Amino acid sequence: MNARSILSQCSQHDDGTPAMIYTCPMHPQIEQDHPGNCPICGMALEPKTHTGGGEEENTELRDMTLRFWIGAVLAAPVFVLAMAHVFPNAPAWVASDWSRWLQFLLSTPVVLWGGAPFFQRGWQSIRNRSLNMFTLIAMGVGVGYIYSAVVMLAPGIFPPSFQEHGKIGVYFEAAAIITVLVLLGQVLELRARSRTGSAIRGLLGLAPTTARVVSENEERDIALEQVHPGDVLRVRPGEKIPVDGKITEGKTSVDEAMITGEPMPVEKTVGDRVTGGTINQAGSFLMTAEKVGADTVLSRIVEMVAQAQRSRAPIQELADKVASWFVPAVIATAALTLIVWSALGPEPRFAHAIVNAVAVLIIACPCALGLATPMSIMVGVGRGAQAGVLIKQAEAMERLEKVDTLVVDKTGTLTEGKPRLTTIVSFDSLNENDLLAAAASVEQQSEHPLASAIVRGAQDRHVVLRKITNFQSSTGGGVSAQVDGKSVLVGKPQFLRTQKIIDVEKLEPKAIELQAEGQTAIFVGIDGRAAGVLAVSDPIKKSSPNAIKHLHELGIKVIMLTGDNERTANAVAKKLSIDEVEAGVEPQRKNERVRQLHEEGLIVAMAGDGINDAPALAVADVGIAMGTGTDVAMESAGVTLVKGDLRGIEKAIRLSRAMMRNIRQNLFFAFIYNALGIPIAAGALYPLFGWLLSPMIAGAAMSLSSVSVIGNALRLRSLKL
């Protein structure tokens, strides 16, 4: 049976409600609309979507835990009875028939009930022609138990050569203890997998359950699910913000640590956007709901994290390929062990053959190999989410580890993306505020982004704007109007010259000086004479210098591609010590430049935030979108930084390197364990030292290998980024 044949195309119930989809955490291509086991690895399927309301109940964990504890209680006396004879002065009854019958009775429920899930999954693996770890467990435990049961129920069918000291050996303790050890491994694994989901549950827990809606002078609390876009909501001090929206009244400071990882509160006032799940601190405010339900930032983060935890890194294909031939090879090795020991081993030969073949099947169980990659991915993705690094696909993190070149946009990535008025230079004795008042009064009629920066600059300085008349705009040149009876022109120097403004050349040296610093110079003329220069710039983010420095320390070459002019671009690049800069770059040119870097043999990551960056983000080895940017950019990228900050790129690179190092460590543990364990279990040391590996010891070693992989992966939870 092909594994893909069970993929369910059902996404809705008959009544139109969405169906719960279950998927395998190790093989996310397996999906169906009901619980069950994965036909590839045998693992229990998990719900694909997460719900809030605390930690989700894990029925498989509860079931395995019950089986483990009952099995342990019953298996303990079996082990004591079976091993008591090795102690000095052991009473004779421990080797009696009734002791063996008691072992049979106690071990039967352990193996047949406690180990039932393993036999079921082992049979499914054979039926589906997808041999896995449960194939080996079922065969190993089953052979040991059935052989021992036949010895008890029909001893006469065995020849005398099977006897040792007048009795045929039984291995109930091995079958029971191995079952309990495998159950313990499953419990530990399920608990670890549950812990990897704590990041998602933590995010879900950030959303409040109610919102306070304001309507017609009435305020009332409603369930969060009843909030609609356009609703006016009140958020009081100390409350969580219910949904994404915009402040319409009041001002406050908001703790946004849950999406940015930054502990410092952010000041918010009218017009500022707020994010659902963040915490309002001091002030009370009204907001308009804009995005609710699955459209909120928090919901999208949860879905992205869940999807990434189910994604597969290319390195996992290596483990899958090895597992595809490994299980048949182990079965062949166990069969060969059985044959060799039956023919050449010491008496009782067949008993030794059974024990060693079972030990090979048990110790070779590829549990650790199957867990090595997915465990690291699940833990690493959760750790990234806590630090504001949202990983869309595990494949992106594997590629990010090898990145040696970072291509960045300037506006919104290195800079704040919001032009601000930075300098006022007045000519002759004209007051700076008077110059700004005249220019801003004219610019308030313009839709140009630089005009908005001038108007905001006047408002920040509490400059009163005047009424204007005869407003005119010249595309690509500037604007003009009458302000308090005076003719005011604002724009490029050539625009002022065409309007017969004199002394423009006296302002140009200062303008050139400002442009060399990365500022855009805007000339102002009043009543036929040059009156001054206003400089507008897009400030460099405070975090950018340190971020670039740390990227260099990681061995990353930084290239800036920007559509801005060369002088401004060079000024920003110089301040930040950027390795290369290209200015005046069109969107399609960014795409071509990334391709050129590929052809030069470089591994390229591209960081951007705008629609114009989307093509380059898609073609780069790793696209990194700023969470403050457009949805198109985030859809095109493999990694999204919730806070539009280059420090997030440093965190992402450190996380990717730690994740890949962790995966390689896990794979090494799994491979070296099997490489050493199988020959020992087969009896390779017997001719030299007379050592044989008990199936119980093999079971303990198998469980220990899985625990070592799980423990190593969980170290990523405490990774410092």
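## Exercises on Asp272 and Lys268

Asp272 is partly exposed, at a relative accessible area of 26%. The model behind this value is predicted.

**Exercise 1.** Explain why Asp272 is classed as partly exposed, and place this residue in the chain.

*Solution.* Start with the class. Partly exposed covers the range between under 20% and over 50%. Asp272 has 26%, so it belongs there. Next, the location. Asp272 sits in the loop that links strand E11 (266-268) to strand E12 (273-274).

**Exercise 2.** Find what surrounds Asp272.

*Solution.* Set aside residues up to four places away in sequence. Asp272 then touches Gly245, Lys246, Ile247 and Glu267. Take Ile247 from that list. Ile247 and Asp272 are 25 residues apart in sequence, yet their C-alpha atoms are 5.7 Å apart in space. Now look inside the loop's own stretch. A polar atom of the Asp272 side chain lies 2.9 Å from the backbone nitrogen of Thr269.

**Exercise 3.** Decide whether Lys268 is buried or exposed, then trace its contacts.

*Solution.* Lys268 lies in strand E11. Its relative accessibility is 12%. Buried means under 20%, so Lys268 counts as buried. Follow the side chain: it reaches the backbone oxygen of Arg273 at 3.0 Å. Beyond neighbours within four places in sequence, Lys268 contacts Ile247, Lys251, Thr252, Val254, Glu256, Arg273 and Val274.

**Exercise 4.** Set these residues against the whole chain.

*Solution.* Count the elements: 24 helices and 27 strands. Then check burial: 51% of the 721 residues count as buried. Last, contacts with a separation of 6 or more: 67% of them join residues 24 or more positions apart.

Key. Residues numbered from 1 in each chain as written. Predicted model: local features only at pLDDT ≥ 70, side-chain atom pairs only at ≥ 80, totals over all residues. Heavy atoms only, no water. Helix = DSSP H or I, 4+ residues; strand = E, 2+ residues; numbered from the N terminus. Buried < 20%, exposed > 50% of the residue type's maximum accessible area, 1.4 Å probe, protein only. Contact = heavy atoms within 4.5 Å. Polar contact = N/O pair within 3.5 Å; in protein donor to acceptor, adjacent residues only side chain to side chain.
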